[in-house]
Every structure is written in C-alpha cells, then in structure tokens.
Amino acid sequence: MDRIQIASPSFGEEELIAIQDPIKTGWLTQGKYVKEFESNFAGIHDVKYALATSSCTTALHLMLAAAGIGPGDEVIVPSFTWVSTANSVLYCGATPVFVDIDLDTFNISLEETLKKVTTKTKAVIAVDLFGLCVDIKLFKEKLGPDILVFEDAACAAGASLNGNMAGSVSHAAAFSFHPRKSITTGEGGMLTTQNSELAKIAEKMRNHGAEISEEERHNGPAPYLLPEFNLLGFNYRMTDLQGAIGIEQLKKLYRFIAERNTQADYYQEQLREVGWLSLPLKPVNGIHAWQAYVTRIEHPDSNFRNRLMAALDLDGIATRPGTHAVHLLGYYSKKYNFKPSEFPNSLIANETSMAIPLHNKLTRADQDRVIHSLKKLKD
C-alpha cells in the first residue's frame, strides 16, 4: 500500500499558472506579487501591516530586531517549541529565558511565565503550537504594558481565539509557509503587526537596511542610483515566485482549515476509546488551524511511544514527535547547563507527543488505516 505521509502540500493548476508571469517578465525578486500576498494576508488576519520574509525564522528575528531587542534583554520563550523560537532571541544578542508549558494545550504556561519575569524582561514570545492560539490578550493583561508580547504563529495562519485572528493582538507575530504548514510557498514567512513604527523599521531591515525597496527604486525617477542605508539590515526578502504561489494558496486557506477540522473531528471520534492515547484539545471559542494533529502517549513504558512509531512506520504510516524540548538540545543544555527535569511538562511532551497524519490530501480511507493501525496495537 502507498505510504501515508505525516504532511503533504496541496497545490493545483492555479499555482502552476501563477508562477508563469514572474518567470516571463524576469522580475523574480520581491515585487508586485509579494505586495499583493502581503495585503491579502493582512486583510484575512485583521492586521494593518504584513511583511513577507524568506522564512518564519527570519520573521522572528526581524520582529525582535525591529523592536530593539538586544544585549542585556531577557525574552521569555516556552521550552517545548521548535528551536528557531529561542534561536531568534540569541540572534539579537539577548537572553532566552525558558518556561514550561501547559500539557493540555502544549502552549506556554502563563503561571510559569509570570514566575520568570525580572527587571530585564523585555518581551515574551508566545507560540501558537500546532495551530492552537494562545490567549494573547490575557498575557498582555497579566504582564502589563512594559513587556512586549510577541507571537510565534508559525502554525496558526487562519486560526483565531475569542474572535481575534492569530497575530492581530500581539505586538508582532511571525507566520510560516514551510511545506508542513496549511499553506506553503516552499519556504517563506510573514511578519504581522499593528504597530506602524515597528513595520517601518522592519521593512527597511528586511532589505539590507535600505531606505527604499528594489521595486521602488526600479520604478522611481532615478533607478540608476542606489538608496541610502541608515540601518543595519538583512536580506530577508521573499521572492515574487513565492508571492505568486502564496496568493493562490491563501485563497484556499479557509477550505484547507475546514478540511483539517473535519479530519481532526474524525480522529477525535474514532480514537477517544484508545486508553493510552491522549487526544489534543479543540477550542470551543476559536478556530484551530490544525497544522498537526498531536497526541500524547500515556503509558508506563517510557519507550512505548518510540516502539509505537516504529510499528506504525512498518504499516506505512509516517509519524513524528510533536516537536522538541529546546532545553534538552545539545547546544542549549550545554550553554545553560539545563537539567532534563527542569521543565517537567516540556520533558513529558518531548518524550510522549506523537503527531499522526493530517493534511489536505489525506483521505477518509487513509485515516481509517491510521485508526486501525493504532487500535490494533496492544500494550
């Protein structure tokens, strides 16, 4: 039988047609298609500004740098997240301060966050892990106006909570268009914000610190002159090829999320009686983007999760750990001398989380195969 992948991008004829114009015109770098993609993304997510980037990691770095995060600053991040959340803090010369997660949601714990606030705390990065939004309004209320609340919304395009779209309430947010996300441009990211000053600085920093973009210069009165460079910047631009794909993918976002919610509901119904399988929460007051369907294996055998993943692999079913506990990774454990037990919920999630296939090419027959394979496995 065909292998059931953990994730798979969903493209159609629209994307193939969309990339033809940038190729024909020869304008491949950031241009009109990126601008349209940014505008459409901002509209869907109820934000004033959206800046496309080369990846979510560069969007994370860009938003921190544009906000002035730097040496001497502390930025609180969850320990259970993809490593780029913490890496982006180090890129700025600041210090990541790790906190534990809530096991029910996999998201950063507000209670643990409040315990780690010091006079050096400049910001918190709340991660909408697997597409489930953090209550950003509550974090802002509890932390007060002097601490910036950023959002790593890598998994959360199209998600919402209490009527607020992902990225619309935080000081700034970063989204991902990696192929494992609901919509993709291959690689790529988006920085969103309501803050005009941050957007202005970030737009310049994204393009080496130039005062105007390449497109503005090219279409301006003196395209032969180079712009001024008054900021230290980076090359974090998205290409127009990616922008053209992103426009078409974004048109399908709501359909993709609806399909993923239907798949998640089916898993919830069919797997709820598997005693050792803890199923993910679905918000009653929001929209889960379901970038991944991540379960937890509750079993006395600490190696049961890995044996289970190996057995599913033999059945032609791909799985993955949800993500990793950053404090356990070699670089961070050595740099900060972390003990594995220092963040107990992150440790549990690291050792027991398991994502099973969920994507927009997944069929009901595929899901039934996954469900059958899980149910036939005994303790």
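Student: Which residue in β13 stands opposite Val294?

Tutor: Bear in mind that we're looking at a predicted model. Strand β12 covers residues 293-297 and pairs with β13 in the antiparallel sense over 4 bridges. Val294 faces a residue of β13 across that pairing, and that residue is Ala355.

Student: Which strands stand at the edges of that sheet?

Tutor: The sheet is open, has 3 strands with antiparallel pairing, and runs in the order β10-β12-β13. An edge strand has a single partner, so one of its sides is left without a neighbour in the sheet. That description fits β10 (277-278) and β13 (353-356).

Student: What angle does helix α11 make with β12?

Tutor: Helix α11, residues 253-271, packs on the sheet and touches β10, β12 and β13. Set the direction of α11 against that of β12 and you get about 25 degrees.

Student: And helix α14, at what angle does that run to β13?

Tutor: Helix α14 is made of residues 344-352 and lies across β12 and β13. Its direction relative to β13 is about 45 degrees.

Student: Is the crossing of α3 and α10 left-handed or right-handed?

Tutor: Two packed helices are described by the angle between their axes and the distance between the axes. For α3 (residues 32-44) and α10 (residues 240-251), the axes come within 7 Å and cross at roughly 35 degrees. As for its hand, the crossing of α3 and α10 is left-handed.

Student: How many residues of the contact of α3 with α10 are nonpolar?

Tutor: On the α3 side the contact includes Tyr33, Val34, Phe37, Phe41 and Ile44, while α10 brings in Ala244, Ile247 and Leu250, among others. There are also 3 polar and 3 charged residues in the contact. The nonpolar count is 8.

Student: What is the volume of the largest cavity?

Tutor: Searching the whole structure turns up 2 cavities of 30 Å³ or more. The largest has 13 lining residues, and the closest to its centre are Thr105, Phe106, Phe130, Pro280 and His288. By class, its lining divides into 10 nonpolar, 2 polar and 1 charged. The volume comes out at about 80 Å³.

Student: How many residues in the lining of the second largest cavity are charged?

Tutor: The second largest cavity has a volume of about 50 Å³. Its lining is Thr29, Gln30, Asn207, Ser213, Glu214, Glu215 and Arg237. No nonpolar residue appears there, and 4 are polar. Glu214, Glu215 and Arg237 belong to the lining, and the charged count is 3.

Technical notes:
Residues numbered from 1 in each chain as written. Predicted model: local features only at pLDDT ≥ 70, side-chain atom pairs only at ≥ 80, totals over all residues. Heavy atoms only, no water. Axes fitted to C-alpha atoms, helices over the stretch in contact; angles between N-to-C directions. Helix = DSSP H or I, 4+ residues; strand = E, 2+ residues; numbered from the N terminus. Left-handed = near helix turned anticlockwise from the far one by under 90°. Contact = heavy atoms within 4.5 Å. Nonpolar A, V, L, I, M, F, W, Y, C, P; charged D, E, K, R; others polar. Pairing = 2+ DSSP bridges. 1 Å grid on protein atoms, 1.4 Å probe; cavity = no way out; pocket = protein on both sides within 12 Å on 5 of 7 lines; lining within 4 Å. Points joined across faces, edges and corners; volume = space filled by probe spheres on them.
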